[in-house]
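User: I have a model open in my viewer and would like to understand the reasoning behind the labels people put on it. Could we go through it together?

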Amino acid sequence: MLEFRRVTKAYATPQGPLEVLAGVDLALSAGESLALMGESGSGKSTLLHLAAGLDLPDRGEVLLAGQAISSLDEPARAGRRRETLGLVFQQFHLVPSLSVLDNLRLQARLAGRERPDWTAELVERLGLAGLERRYPEQLSGGQQQRLAIGRALAPRPALLLADEPTGNLDEATAGEVLDLLLALVRDTGCSLLMVTHSPRVAAPLQRCLKLSRGRLAPHHPSERDA
Ligand SMILES: Nc1ncnc2c1ncn2[C@@H]1O[C@H](COP(=O)(O)OP(=O)(O)OP(=O)(O)O)[C@@H](O)[C@H]1O
């Protein structure tokens, strides 16, 4: 579903190039869930942006659903993103001028893959029934993130990329939102790559890798990570 082959990435800084990924290999299969941990600044968001084709590697290849997105131009990468990916970030990135229902439909419409029965099921499962005509600012933080998750999953993407999706929520709400996200991922059969600092968030996922000094290694999430 997602593959990194010897991916390197460095940023130019006033002190010279900062190497963030130093030949990263990664393979995520269809339906697999993977947590990506690592110290602040270790390059987790960089890796996620490369996976989404939002940024390009300096060397190596990123393959999404078997296709090397890193060798496509931006319009082609954007098309591939729409067809294959859902994205959820710590900030919800909802469209303030659109209603709850229109936010929920947005990605599916852009991808030409709106399914009214699935949209209706999402409204119920996200706990947004009765709130469809509200605007994002009229929702709680947990409701906004549930909406962002629903928007990402409405087109039934093959892969969900999530960057600290519960990082902005209090502990109880974070737990509920995470349970919902995992249940929807399981039921839709999509693959999941989730960046998190939290061992509790990483624990229910099938696999965990830690990024350190530009490389990935298998990791067992534990309270020592917190
Ligand atoms: N556009 C950029 N230009 C220069 N340096 C950058 C740029 N983006 C990120 N960096 C640096 O690259 C390193 C990795 O950043 P990244 O955001 O990927 O880390 P992270 O593991 O996601 O961090 P956090 O957990 O704090 O969000 C950091 O040292 C950061 O300062």
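Analyst: Happy to! This is a predicted model, and a good place to start is a contact between two helices. Val100, Asn103, Leu104, Leu106 and Gln107 of H3 meet Leu147, Gly150, Arg151 and Ala152 of H5. By class, this contact has five nonpolar, three polar and one charged residues.

User: What makes these residues of H3 and H5 count as meeting?

Analyst: The test is distance: two residues are in contact if their C-beta atoms, placed from the backbone, lie within 7 Å. Leu104 of H3 and Leu147 of H5 are among the residues that take part. As for the geometry, the axes of H3 and H5 are 6 Å apart and the helices pack at an angle of about 35°.

User: Why is H5 called mostly covered?

Analyst: A residue is buried if 20 or more other C-beta atoms lie within 10 Å of its own. In H5, 11 of the 13 residues are buried, including Gln143, Arg146, Leu147 and Ile149. The cover over these buried residues includes strand S6 (85-88), strand S7 (159-163) and the helices H3 (100-110), H4 (116-125) and H6 (171-188).

User: How do you know that the length of H5 is close to what is expected?

Analyst: The expected span is 1.5 Å times one less than the number of residues. H5 covers residues 141-153, which is 13 residues, and the expected value is 18 Å. From first C-alpha to last, H5 reaches 18 Å, so the two agree closely.

User: Why is H1 described as largely enclosed?

Analyst: The burial count is used here too: six of the eight residues of H1 are buried, so the rest of the structure largely encloses this helix. Those six are Lys44, Thr46, Leu47, Leu48, Leu50 and Ala51. After H1 comes Gly53, with a positive phi near 70°.

User: What makes a residue part of the shell around the ligand, and which element gives the most?

Analyst: The C-beta atom, placed from the backbone, has to lie within 6 Å of the ligand. Tyr11, Thr13, Leu18, Gly43 and Lys44 are among the residues that qualify. H1 gives the most, with three residues, while S1 (2-13) and S2 (16-28) each supply at least two. By class, the shell has three nonpolar, eight polar and one charged residues.

User: How do you know that S1 and S2 pair?

Analyst: Pairing needs at least two bridges. S1 and S2 have 10, in the antiparallel sense, so they qualify. One of the partnerships is Thr13 with Gly16 in S2, and a hairpin of two residues joins the strands.

Definitions and conventions
Residues numbered from 1 in each chain as written. Predicted model: local features only at pLDDT ≥ 70, side-chain atom pairs only at ≥ 80, totals over all residues. Helix = DSSP H or I, 4+ residues; strand = E, 2+ residues; numbered from the N terminus. Nonpolar A, V, L, I, M, F, W, Y, C, P; charged D, E, K, R; others polar. Buried ≥ 20, exposed ≤ 12 C-beta atoms within 10 Å, placed from the backbone. Axes fitted to C-alpha atoms, helices over the stretch in contact; angles between N-to-C directions.
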